[in-house]
Amino acid sequence: MASFRKASVRQAGIQQTSIHNTAAVTLVLATCLTSAAFAESKKEYRFAVGPNAIVSVDTQYGAISVKSGSGDRVIVTATLKSDNVEVDQQQSGNRVEIASHLLQGANEQTGRVDYEVLIPPDATLNLHSSIGPLSVEQLHGDLTLEGTDAVVNISNVENCHVHVRTMRGPITLAGVRNGHVEIATISGDIHLKSVTGPLVLASSGGGRIFYDGDFGAGGDYKFTTHTGDIEALAPADVSAEFRVHSVLGRVHTDFPLLPHHSRYSMKAGSSFVGTAGKAESAVVLRSFSGRIRLKQR
Amino acid sequence: MAAGKGDLTDPKQGITEAEAIEQAKRGHEAAFEVLYHLHKRRVYSLCLRMVSNPAQAEDLAQEAFLQLFRKISTFRGESAFSTWLHRMTVNVVLMQLRKKGLPVVSLEETLEAEDEAPRKEFGTRDVKLTGSIDRLQLQRAIDRLPPGYRTVFVLHDVEGFEHNEIAQMVGCSIGNSKSQLHKARLKLREYLKFMRAEKAKTG
Amino acid sequence: MTCSDVERVLPELFDDASDDTFPPDLDAHVKSCPACSDLVSDLKLIASEARQLAATEGPAPRVWVRIAAELRAEGLISDSATREPKSAPRPTPVPASGSPRWRWRALWLAPAAAAVLAAGAYVISYKQVVPQVAQQAPTPQAPAPVIPTATPPSVPATAPQQVAKKPANPTGVNGRVPAVEAAVEPEPSAEDQQFLSVVSTLGPSMRATYESQLNAVNADIRETQAYVDRNPGDADARQHLMDAFQQKALLYQIALDRIQ
């Protein structure tokens, strides 16, 4: 039996507004701890969920930190910086949505809400913050993180889709295994440390891309920048086919690659194509004017 | 067919598939979402195996679900929901292949002539496929199959459709379906042996 | 029974991995012939391993987002069935300076983002088809440009869905030929000015941030465009030009998500 329940929270407490027409079974516990000093307040919300829950947190201003918690519960601790912002929360079946709600006159300081969130490790997670930072650890559900200036950190996730989009916030992924990773930023730097999977796409216009890993899992790795440099560090026993090209920049590798015949291979200094080891993965590094270096660890 | 399981329960919502279908008929977003999450992997994987292109597979999976949801009010439960969905997915994919002018059934003579399957002279004679097959290698070998062979192989060996169902869906005879399946398996065997030989050489 | 007999009858007999029932004469041959024995066991192995590929891959989260948007647009998801009545606010943040007008003004961004991509595709295909002409005349002699300077009320209410779709043709929204001015004009174009006007609802510091990013992507587009003009046969450079347009579309989309 599905149940849909939604509550609206005002900063003075929790105001449960309605219960859906079907029988409400889902447990929503919300407690509120308000500290009087400077109108900053802290609230805690708890939601009972099943496997593969979907959790969304959306805030204009403020940090969101998400970690792995118990398998049947979502716990959200929100720190509101003033009375000019509220937290809306809604649970619809297995989906939990949390959002900051700015009131008239709120600005970057007074409209800030910082969230600390514990979710089941298999939950699907959607985060959105303009200024962040956004951080996620130890999950294996699909992740979608979007920010404007937000710094994004994702660590120790596996077997999931990881989609990240920022305007200029730097993005760091560390310890991603078997990931379908898609990262796009306009000018942020992208750092990838031990990131492997069947698909790893990273693109930045003005930012740089650093990769430190083994290009494993027989995956497709495609890194693209416009002006930013690309640097990839891999072990001597890497198994990949490399296609590296910068239209205006220089490229360099210290790997003893077996060359391939290709239109790229003719432009010494700005491109090369070759294989290392058994060529299990496909690696494409492209830039318009950035420098590209493929280095042996 | 194997895809036609009975009623499913989505534990996360605590509702059965049948309840989700009824709620979806009334326009509940969460019910549509339950149905989507119950079947998304099966549908997407089917599309991916058939077209070997993740972006295209996403579009096809989206189209299959949309077609199903648009018709959900007509679902009366005569057949299993999953059977209905998977047949619809196959039809969406086959229609796409036909639009692109790709054969859904192999034109065998042509393919035999154009076939680029590795031959025994590549030194694969002594390599046997004993033990288990690496999933990634098998996937890559399937990707290399000509579209017509791939269709029959995926529908039969991966998805569990029977030959009579395949014949009906792709528009060929049952004998043709059997013959193409067999040839697809033979080609896969050669591809896999070739891959193992290559790996042994470079390794 | 010979090896070629086995090869001939095997498609009819061997249907699935668990099928172990061969006629006695065939069975005897397979057991005594290493080549046929290898063949049968390999084919069984392939068939049994293939089953493990079913349902192994999951689609990206965007697939459900697109399906839900389409269901909503088609009216298959009923808000009254799904959502509470007005008493509970939707968990959507609003800009601090939110006036009622920003919502319909923001709708302009969706087709604008699509038009940016369309403009990129148009410019690139134009250069590809007529590189010589393009070289001589950097600004195409097409009807004049213009990315959507449309006034907001003329934008369809379903406009946001267009963002997710690739532009179907290079004419952009409203059937107009998209602008290439963004690629060659150093001054902010009309649509860029409108973009900045819309994002100014997010506050002065955000506007400044968006402006600097917009200038950067426009500079990238101009730089790449100039290179492509000089090297019309460089397919990689054309791809980078498309990438630069995609970056601009991404900027519009990020703004759209913040303002909606």
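**Exercise 1. Classify Arg41(B) as buried, partly exposed or exposed, and describe its surroundings in this predicted model.**

*Solution.* Start by counting: Arg41(B) has 16 C-beta neighbours inside 10 Å. Being buried takes 20 or more, while exposed residues have 12 or fewer. Arg41(B) therefore counts as partly exposed.

Next, place the residue. Arg41(B) sits in helix α2 of chain B. Ala61(B) lies 20 residues from Arg41(B) in sequence, and their C-alpha atoms are 9.5 Å apart.

Finally, list the contacts, setting aside neighbours within four places in sequence: Arg41(B) touches Ala55(C), Glu57(C) and Gly58(C).

**Exercise 2. Work out how many residues of chains B and C are in contact, and which element of chain B gives the most.**

*Solution.* Count both sides: 38 residues of chain B are in contact with 33 residues of chain C. On the chain B side, the elements that give two or more residues are α2 (29–51), α3 (54–70), α6 (135–144), α7 (147–158) and α9 (174–202). The most come from α2(B), with twelve residues.

Now sort the chain B side by residue type: 16 residues are charged, 14 nonpolar and eight polar.

**Exercise 3. Find which residues of helix α1 of chain B are buried, and explain why they line one face.**

*Solution.* Take the helix, residues 17–25, and pick out its buried members: Glu17(B), Ala20(B), Ile21(B), Gln23(B) and Ala24(B). Then look down the axis of α1(B): the buried residues fall within an arc of 165°, so they line one face of the helix.

To finish, step past the helix end. Gly27(B) follows α1(B) and has a positive phi, near 95°.

**Exercise 4. Describe the make-up of chain C: how many helices and strands are there, and what share of residues is buried?**

*Solution.* Begin with the elements: chain C has 13 helices and zero strands. Its pattern along the sequence is accordingly written with α at every position, α-α-α-α-α-α-α-α-α-α-α-α-α.

Then turn to burial: of the 260 residues in chain C, 40% are buried. For the contacts, consider pairs at least 6 apart in sequence; 80% of these join residues at least 24 apart.

**Exercise 5. Find where the confidence in chain A is lowest and highest among its elements.**

*Solution.* First the overall picture: the mean pLDDT of chain A is 83, and 84% of the residues score at least 70.

Next, go through the elements. Strand β1 (residues 4–10) of chain A has the lowest mean pLDDT, 34, and strand β20 (residues 209–212) of chain A the highest, 97.

Last, check the start of the chain: pLDDT stays under 50 over residues 1–37 of chain A. For that stretch the model has 92 contacts beyond four places in sequence.

Key: Residues numbered from 1 in each chain as written. Chains lettered and ligands numbered in written order. Predicted model: local features only at pLDDT ≥ 70, side-chain atom pairs only at ≥ 80, totals over all residues. Helix = DSSP H or I, 4+ residues; strand = E, 2+ residues; numbered from the N terminus. Arc of directions from axis to C-beta. Contact = placed C-beta atoms within 7 Å. pLDDT = per-residue confidence, 0-100. Nonpolar A, V, L, I, M, F, W, Y, C, P; charged D, E, K, R; others polar.
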